[in-house]
Amino acid sequence: MSNTPQTTAPLWLAAEDAAARAERAAGWHWAWDDGPADGELRQCLWTFTLDRPLSATRLTLAAQKGLPGVWLDGRLLHASKDGMAGRELQDLDLGDLAAGTHRLAVAVRTFHPFIQEPRQGGVGALLRSGDFFLAPRAADWRIRTGAEPGWHESDAPLDAAVWLPALLPAEPIDWLPTPAQAGRLMRRRFDLDAQLRSATLEITALGGYEARLNGRRVGDALLTPENSDFRVRLLLQSYDVTDMLRAGENVLGVTVADGFYASEAIGRGRYPFGAAPRRLWARLTLTLADGNTHVVTTDRDWQAAPAPTLFAEIYHGETHDARLEPAGWDAPGFDASGWDAVHTAPTPPCALMPQESPPIRATLTLQPRSIRRLANGDHVVDFGQNFAGWCRIRVRGEAGRTVTLRHAEILADDGQVDMRNLRAAQCTDRYTLRGDANGETWEPRFTYHGFRHVQVSGWPGELRAGDIDGVVVHSDLGVTGDLQSTQPIVQGLWHNTLWSQRSNFVGMPTDCPQRDERLGWTGDAQVFWPTAAFNMDVRGFTRRFLADLRASQRADGAYADTNPPALPAYGAHGWSDAGVVLPHTVWQHYGETAGIDEHWESMERWMAWIADVNPDGLWARRRDVDFGDWLSLDAKNLMEATTPKLLSATACWARMLGMMVQMAEATSRTQRGAHFAGWHERVVRAFREHFVRPDGHVGNGSHTSYILALAFGLVPKDLQMAAADRLAANIRERGTLLTTGFLGTPFSLDVLADHGHPALAVDLLLRTEYPSWGYMVERGATTIWERWNGDTGDVAMNSFNHYALGSVTGFLYRRVAGLASVAPGFKTVRCRPLLDPRLGDGRCCLQTDHGVIATAWGRDAQGQPWFEIALPEGVTGTVELPGHAATAIQAGKQRFSPRL
Ligand code: BGC
């Protein structure tokens, strides 16, 4: 092996073993008939002949959408019930198979009334035994609908007139259903003979990687590279490794596993954004003391070997066998003579983009709050906090013992973890001990879980608190907001929202961190962003996410509803709005317009996508994926319009147009500003004509109808109070509760407080019966639930860690703590704390670019309210206390004791 540093461009090295290569050569072939996914069950037959017997045979079988029946030679192998996922994937153990002819019979279910449902069905199979692979092509299947009972028997007649050869699916299906593969260790040794000035490692992978240099881990970024649409963008990490190099022999060692690239997305198969194999790319640039540079890259001099990571999948978990770890493989002096040569792989089409946003890191370590032993010997650990991350274990036991960790948000009645709401995600880690007498420490590196409880099986003896930590993992954004209140619901809501933000800012802003979803849903992001910006510095994170939005923006201008676009859903109102709301929020919060400029052209195309087909100002056309006021209280099914969707769509459009006008003005785009102002006027007029009655009634009278109309300035001034009074009256009539879903909830309390009903806003904020934030807090929630009835609702849509309903936390900053900016960037503040006695005492700090703005509030010994504000140098503003005129305030601390 040559170990001379060289200067050619890095190659892409395949991170796969011979079996994986053979599997790839066998291929995966989808088959279907000439019809759509129409709800009709399909029957499919594959007849194959083996010229020798096979042992330890496995059958991977996949269908878009479900597999209600699978038979081999008439024997039932598998039968599934209907589920949420858009596909079913099974890896079945067939054991020994005799030589001769076999018949595989498969029933395929095709329809589920939900957005992610593919429009077309598909079936495919792969038979494997050792390095033997057999994969039927489309024409090897016979397919039909309406077969008679008994069709799956091994000797059932096969009438060629009705059992037609299958076809290639009309639309290509781009996911790979084969199970996750083991990781690969890849190493490159090189010599350093000259004196070094500095060294930088640039590295990325199509897959997940962990890099080590001379036996030490490089950097502290986790889950690299982060998720993106890998067809277009791949983030490249850079590390200063100057201090890790040494004179003489050096070794760069990298573990490559599935990572985001090869893991499943929303229950679809692997490789959702690009083909196998997994690939590694690296360039280590050595700048020598004499000014010369040398580079060590991914070249043919690398070697590879099986990794102790036997399985690693973002959703399903990680399996690590420590006995298989070659000691010292990543350090000088190791004998790698038995290792494999590497193969190169095609250069992918994506651009390598330097990662500028804060990486994912471990930011906190949680200790168990309790550990209980179950009758079956398992331990169940409660960390007392729902979070995203994993466990770190310290264990001493005999070699070969396997400890299994199953993660969940909730417990079942029998005390075991309840994993039903995780859908297809297995969320299970397994560690096999090497038997170190001094004990061994392990944590996974290529998966993460959303959980509070973990059930540990196979632990040697008694599991104690010091043996297990909860490692909290998320994009490491600086925390900028802090709010402390003696009012438990206020405090609980703030706490739960911050933890849901931590758990869901993991590379992408995700909807949830636990089930088989974890997608960058744009609707969740846009409703949450104003709150997110109070809690953390979201600038870099937003910039990165907007670049992803642009990367997946369709040629016609529509934004994807999830990023990366794991689903064929584009342009939903209230979701794709993120493309406008996020840059607007960042500008408002930090006063920076660079993000607007960077994103302007893209926003123009998105706005035109709506306007082009809706000249009369109602967003009536181009609304094919229509979530509306998602998960609102009265909805009996997911897609039900409890608020007319034409109303919510048009309101969202008007809001975006208003933002476009402001952003055009802020960036001196005068003409474009006038253009959008014209459209804004038109849409507002159309909204009023259609939805606002002269008596102030809005839409169908739903809470969200009023809230959106009032929040976005769509109700004429003279009717605003009437509309707000109607809203308030209905809230009272319903029992002082909100019926709002994702779209209405974020604005609900601000709208009431801003339109003459501050006491009602506080009633709702402090409510503890269902539905309410207090209901969650009182039921022990430590994060925000997806649904108001997370504890009793539909298991398939019960995430306990979804920040959307926590969007109202912005109200706590604005109207409890009194922190709002009038001009972008918190240079001029307008403080309007409610000072409602029920809100208790509290204090709040917000880190801004000008310094910390701090407020405090409460009651004195006589029960009189007080409010305090401290402004940093250069910040001015006004304080408006209930019933009092505005008072100008300057830098420094000021205290107010108003008579209310
Ligand atoms: C997600 C949501 C998302 C929604 C779209 C759900 O499955 O969890 O948060 O916005 O789908 O309607």
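## Polar contacts to the ligand

In this predicted model, the side chain of His 802 places an N or O atom 2.9 Å from an oxygen atom of the ligand. Taken alone, the ligand would expose 310 Å², and the protein buries 100% of that.

His 802 has company here. Arg 515 also reaches the ligand, with a side-chain N or O atom sitting 2.7 Å from one of the ligand's oxygen atoms. Then there's Glu 786, where a polar side-chain atom lies 3.4 Å from a ligand oxygen.

## Who else lines the site

Sort the shell around the ligand by class and you get six nonpolar, five charged and one polar residue. The surrounding residues include the aromatics Trp 521, Trp 575, Phe 627, Trp 630 and Phe 742, along with Met 797. Also around the ligand are Asp 511, Glu 517 and Asp 524, plus the three contact residues Arg 515, Glu 786 and His 802.

## A five-stranded open sheet

Now for a sheet. Five strands make up an open sheet with antiparallel pairing, running in the order β35-β41-β42-β43-β46. At its edges are β35 (481–485) and β46 (892–896), each of which pairs on one side only. On average, neighbouring strands of this sheet are turned by 10 degrees against each other, ignoring direction.

## Zooming in on β42 and β43

How many bridges join β42 to β43? There are six, between residues 851–859 of β42 and residues 865–871 of β43, and these two strands run antiparallel. To pick out one pairing by eye, start at Thr 855: its bridge partner in β43 is Ile 869.

Note on methods:
Residues are numbered from 1 along each chain as its sequence is written. This is a predicted model: local features need pLDDT of at least 70, side-chain atom pairs count only at pLDDT 80 or more; totals for chains, interfaces and linings use all residues. Side-chain values use heavy atoms; hydrogens and water are left out. A residue is near a molecule or strand if one of its heavy atoms lies within 4 Å of it. A polar contact is a pair of N or O atoms within 3.5 Å; within protein, one must be able to donate a hydrogen and the other to accept it, and residues adjacent in sequence count only if both atoms are side-chain atoms. Accessible areas come from the Shrake-Rupley method with a 1.4 Å probe; for residues, only the protein chains shown count as cover. Ala, Val, Leu, Ile, Met, Phe, Trp, Tyr, Cys and Pro count as nonpolar, Asp, Glu, Lys and Arg as charged, and the others, Gly among them, as polar. Two strands pair if DSSP finds at least two bridges between them. Helices (H or I, at least four residues) and strands (E, at least two) are DSSP runs, numbered from the N terminus. Axes are lines fitted to C-alpha atoms, for helices over the stretch in contact, and angles run from 0 to 180 degrees between N-to-C directions.
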